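Where does this protein leave empty space, and what surrounds it? The report below looks at an open pocket, an enclosed cavity and one residue beside the cavity.

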Amino acid sequence: MSSVHVRDLKKSYGHAPVLHGISLDIEDGEFVILVGPSGCGKSTLLRMIAGLEGVTAGEIRIGSRVVNNVPPKERDIAMVFQNYALYPHMTVAENMAFSLVLKRASKAEITQKVQQAAAILGLETMLDRHPKELSGGQRQRVAMGRAIVRDPKVFLFDEPLSNLDAKLRVQMRSEIKALHQRLKTTTIYVTHDQIEAMTMADRIVVMRGGVMEQMGTPLDLYDQPANLFVASFIGSPAMNQIPGSIGAKGFVADTGHVLPLPTSAVAQIGRSAVYGIRPEHMTLEPSGMPVRVKTVEPTGSETLLLTELSGPQTSIDITAVFRGRVAAAPGDTIHLQPDMAMVHLFDKETGHRIMA
């Protein structure tokens, strides 16, 4: 196992910059997830750590060793890709053992490590099968087993669950997290799915446009988003964002409605801001803001309502989530009351958090 340290890392393709100076520290044994929309640079960053992309500027250290110019095979890392990358003519055991064969390991060592990895991943009865005889989840386990037998200092995962169906993704999330807890190998994992990030990571790095927007534990990012982008990206459904200004009696939305604010917001009176409230932090109260129901999405344990807050000049979509069943139908008017203790305020111009 080993720590990973990135300092002011930059990447350009010709005159097109992709990463704009990323710095982060990943501790020995930590599970860190890089998350963000397509094109944000997360996979490029992972590939640079792996040695599959060159460094334009900055430094990458694995442990105490600077690896900027070290070939991938000498970095003591193992990477699991989105598309499995298994050899179709080889059995499961042969696929898992391939890197050890290249290293000229002894047959006894190869057999021992393959059997150990197979036991960890539940593949003992499949070692003689070929990839075409396996399901998608089983193939991904083989790809993980191929990484495990190398006993690397760092595991790298590049969107490994993207090709799986929803039910299997949930199962594999649990298996990868359990695998990390068992092996305790430093792990860097890339995904665009914030649910994966929230449920699996020790810490999350949120990226946008080649810049690191925020790094922290899943609950840090959920409770204390640094800006509007993080607030909207972390949490499902996304945080509601209501533009307006801070007034003496509360937050005055652009629709003209006055929303509750904690007393600590008094120092910001007159400031243009965005009022953030998560869908799960609202209740149905007669004194709440009047909204028109647009759609109702029951899931059994929860009910999601997409509503509209309307004013003379503008209207704003508001999403609310309630435990259990809600007696509401499209076209109904209901009253939503934000939990004042859970309100977030962001600067309207910069998007930076004012308070939460």
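The model is predicted. Its largest pocket is lined by 17 residues. Met-79, Phe-81, Ser-99, Arg-146 and Arg-150 are the ones nearest the centre of that pocket. Three elements, β6 (77-80), α2 (92-102) and α4 (136-148), each give at least two residues to the pocket lining.

Now the cavity. The structure has one cavity of 30 Å³ or more. Its lining consists of Phe-31, Phe-155, Phe-157, Ile-176, Leu-179, His-180 and Thr-187. Two or more of these residues come from β7 (154-158), and two or more from α5 (166-183). The biggest contribution is that of α5, with three residues.

The table sets out the two spaces.

| Space | Volume | Nonpolar lining | Polar lining | Charged lining |
|---|---|---|---|---|
| Largest pocket | About 420 Å³ | 13 residues | one residue | three residues |
| Largest cavity | About 40 Å³ | five residues | two residues | no residues |

One residue of the cavity lining deserves a second look: Thr-187. Thr-187 sits in strand β8 (residues 186-191). Is Thr-187 buried or exposed? Its relative accessible area is 2%, so Thr-187 counts as buried, the cut-off being under 20%. A polar atom of the Thr-187 side chain lies 2.9 Å from the backbone oxygen of Thr-185. Beyond its neighbours within four places in sequence, Thr-187 touches Glu-30, Phe-31, Val-32, Phe-155, Phe-157 and His-180. Among these contacts, Phe-31, Phe-155, Phe-157 and His-180 also line the largest cavity.

Methods
Residues numbered from 1 in each chain as written. Predicted model: local features only at pLDDT ≥ 70, side-chain atom pairs only at ≥ 80, totals over all residues. Heavy atoms only, no water. 1 Å grid on protein atoms, 1.4 Å probe; cavity = no way out; pocket = protein on both sides within 12 Å on 5 of 7 lines; lining within 4 Å. Points joined across faces, edges and corners; volume = space filled by probe spheres on them. Helix = DSSP H or I, 4+ residues; strand = E, 2+ residues; numbered from the N terminus. Nonpolar A, V, L, I, M, F, W, Y, C, P; charged D, E, K, R; others polar. Buried < 20%, exposed > 50% of the residue type's maximum accessible area, 1.4 Å probe, protein only. Polar contact = N/O pair within 3.5 Å; in protein donor to acceptor, adjacent residues only side chain to side chain. Contact = heavy atoms within 4.5 Å.
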